[in-house]
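Here are my notes from going through the model you sent over. I've kept them as numbered points so you can reply to each in turn.

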Amino acid sequence: MAIGYACISVGLLNSSMKKCLLKNATDETLKDITKNNILALERQIDYNIHNNIHMFRISSDLIPFGSSPVNKLDWPNLFKTELNQIAEKIKTNNIRVSMHPGQYTVLNSLNEETVKNAIADLSYHALVLDSLKTDNSNKIILHVGGVYGDKKTAMQRFIENYQALAQNVKDRLVIENDDKSYTITDVLSISQQTNVPVVYDNLHNYLNPSSTLVSDQYWIDTASKTWQKKDGKQKIHYSQLNPNKKSGSHSETIMINEFKTFYDNLANDVDIMLEVKDKNISALKCINTTSNNNLLPAIEKEWSRYKYLILSKSQTAYIKIRELLKNFDNDKVLVFYNTIEQELALPEDKGNQINAAQHVWGYFKDLEDDKQRLHFVKLIDDYLEDKVSIKKIKNYLYRLAINHNNKYLLDSYYFYL
DNA sequence: TGACGTCAAGATCCG
DNA sequence: CGGATCTTGACGTCA
């Protein structure tokens with residue numbers, strides 16, 4: 001059972017994917033961006049290895065215009081060395097990767113050109129996974145597409161176009177129920193006719209339920225039968241609804257108690273891809289909460305990342321968690337994360353924010369000159385007078401952490417949440 | 001024709 | 001001029 005996250009590693013320096021506009025897409029620019037992105041991917045893989053995260057979705061933005069004729073670069077060969085190095089890390093550390101083309105890749109479109117683009121896009125995604133020398137259990141997850149007023153025919157068109165795909169794409173393709181059109185029943189029916197494995201998405205099923213109203217576990221068990229040995233372990237998508245938004249957007253973070261209940265009800269051995277705004281931060285929360293290892297080292301590492309954030313909310317909570325860690329055992333992991341979730345939900349309090357900012361500033365006050373010391377004092381004054389936001393102070397401290405290459409602070413969620 | 005979703009690039013505004 | 005904030009882009013479907 002692995003738990004993973006998608007595309008972005010929050011708080012990891014130099015790990016974001018660069019893009020360019022179509023009008024700037026010269027060979028030179030595309031090459032620069034590709035190099036940047038492959039190195040960024042390597043940093044993400046390294047991060048996952050160091051943090052015991054064994055499942056990861058690679059961003060479709062890895063190769064700019066990767067499926068467009070605009071990009072004529074032979075990138076698999078140009079960056080062979082770099083790709084091989086990443087491939088080796090993925091393999092030796094047993095990381096399961098995947099990719100997920102967006103909602104604009106529509107294999108069953110009525111528009112011939114759109115279908116052609118979708119096929120090219122799927123080939124691009126397969127080429128990335130092939131270039132990383134991953135086996136066929138490393139999947140490409142796709143939605144079925146549009147309905148066009150006639151779902152039956154649209155599903156049939158999906159099946160026909162799927163049959164015509166290149167073998168290396170077919171070997172990796174997996175289909176997922178979506179939040180608007182294709183329910184889990186629809187997707188399972190396509191799977192019956194094609195043997196394509198099915199990823200069950202709990203939130204999509206909540207928003208776009210199948211007419212048969214049964215539990216998540218029922219659908220997970222049913223979907224499990226679509227996964228063959230060559231496909232690897234069954235995968236599911238798990239997310240929670242953002243309570244502050246009208247639409248079906250994903251939550252900022254995974255609320256751990258709700259996840260734990262879901263997890264404890266699972267009867268199948270599945271790999272879980274989380275879809276959530278805070279990405280790796282929630283992945284670590286879920287991994288630690290469901291692990292049987294001795295958790296103390298992992299939780300101490302987590303505490304080092306959360307501590308200034310908690311201090312910026314409440315000194316009492318900060319002391320309480322420190323006490324909890326003094327006599328820590330695995331049974332206390334939920335209390336640890338519950339306390340953190342509770343504290344992070346508190347409204348901004350200036351006194352606590354300044355206290356935390358002073359603590360972080362403490363790393364630099366003897367390293368900086370009078371000019372910087374005055375600047376910090378002025379920032380605090382301005383913050384007290386509502387002239388600047390706490391974000392401005394955090395950004396200033398973040399720049400100092402970068403300038404002094406303070407690795408401990410750079411890992412801190414204080415700057416990112 | 002605009003909403004939908006995503007996130008960085010690009011554009012603009014501010015002190 | 002650096003920094004913060006707003007808009008655009010690239011994609012296809014649907015109301």
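1. Of the atoms of DNA strand B within 4 Å of the protein, what percentage belongs to sugar or phosphate? The figure is 62%, and the rest belong to bases. Keep in mind throughout that this is a predicted model.

2. Around strand B you'll find Ile8, Met17, Lys18, Lys19, Leu21, Asn24, Gln103, Tyr104, Ser247 and Lys279. By residue type, that surface splits into four nonpolar, three polar and three charged.

3. Three side chains are worth clicking on here. Lys19 puts a polar side-chain atom 2.9 Å from a base oxygen of DNA strand B. Asn24 goes for the backbone of the DNA instead, with a polar side-chain atom 2.7 Å from a phosphate oxygen of DNA strand B. For Gln103, an N or O atom of the side chain sits 3.3 Å from a sugar or linking oxygen of DNA strand B.

4. Now for DNA strand C. It has 14 residues around it, and Leu22, Tyr104, Ser109, Val147 and Tyr148 come nearest. Tyr104 also turns up in the list for DNA strand B. Of the strand C atoms within 4 Å of the protein, 64% belong to sugar or phosphate, with bases making up the rest. The residue types on this surface are seven nonpolar, five polar and two charged.

5. Phosphate oxygens of DNA strand C have several partners. A backbone N or O atom of Leu22 lies 2.7 Å from one, and a polar backbone atom of Val147 is also 2.7 Å from a phosphate oxygen. Ser109 uses its side chain, with an N or O atom 2.9 Å from a phosphate oxygen. As for secondary structure, the elements giving two or more residues to the surface near DNA strand C are α4 (112-131) and α17 (390-403).

6. On to salt bridges, where the count comes to 20. Asp46 pairs with Lys89, the closest N and O atoms being 2.9 Å apart. This one links distant parts of the chain, since Asp46 is in helix α1 (residues 27-50) and Lys89 in helix α3 (residues 80-92), 43 residues apart. Both partners are partly exposed, Asp46 with a relative accessible area of 23% and Lys89 with 21%.

7. Lys260 and Asp264 form another salt bridge, 3.1 Å between the closest N and O atoms. Here both residues lie in helix α10 (residues 256-264), four residues apart, or about one turn of the helix. Asp264 counts as partly exposed because its relative accessibility is 48%. Back at the earlier pair, salt bridges with shared partners join Glu42, Asp46 and Lys89 into one network.

8. Asp179 and Lys180 also meet in a salt bridge, at 3.9 Å from N to O. Is each partner exposed or partly exposed? Lys180 is exposed, with a relative accessible area of 67%, whereas Asp179 is partly exposed at 30%.

9. Away from the DNA notes, have a look at Tyr206, Leu207 and Leu241, which make a nonpolar surface patch of about 290 Å². Leu207 belongs to helix α8 (residues 202-207) and is partly exposed, at 32% relative accessibility.

10. Last, two spots to check by eye. Glu348 is in the loop between α14 (333-344) and α15 (350-361), and its C-alpha is 9.0 Å from that of Ile390, 42 residues apart in sequence. Leu374, in helix α16 (residues 370-384), is exposed, with a relative accessible area of 61%.

Conventions:
Residues are numbered from 1 along each chain as its sequence is written. Chains are lettered from A and ligands numbered from 1 in the order in which they are written. This is a predicted model: local features need pLDDT of at least 70, side-chain atom pairs count only at pLDDT 80 or more; totals for chains, interfaces and linings use all residues. Side-chain values use heavy atoms; hydrogens and water are left out. A residue is near a molecule or strand if one of its heavy atoms lies within 4 Å of it. A polar contact is a pair of N or O atoms within 3.5 Å; within protein, one must be able to donate a hydrogen and the other to accept it, and residues adjacent in sequence count only if both atoms are side-chain atoms. Ala, Val, Leu, Ile, Met, Phe, Trp, Tyr, Cys and Pro count as nonpolar, Asp, Glu, Lys and Arg as charged, and the others, Gly among them, as polar. Patches are made of residues with over 30% relative accessible area and no salt bridge: like charges are joined within 9 Å, nonpolar side chains (Val, Leu, Ile, Met, Phe, Trp, Tyr) within 5 Å. Accessible areas come from the Shrake-Rupley method with a 1.4 Å probe; for residues, only the protein chains shown count as cover. A salt bridge is a side-chain nitrogen of Lys or Arg within 4 Å of a carboxyl oxygen of Asp or Glu. Buried means under 20% relative accessible area, exposed over 50%, partly exposed in between (1.4 Å probe, protein chains only).
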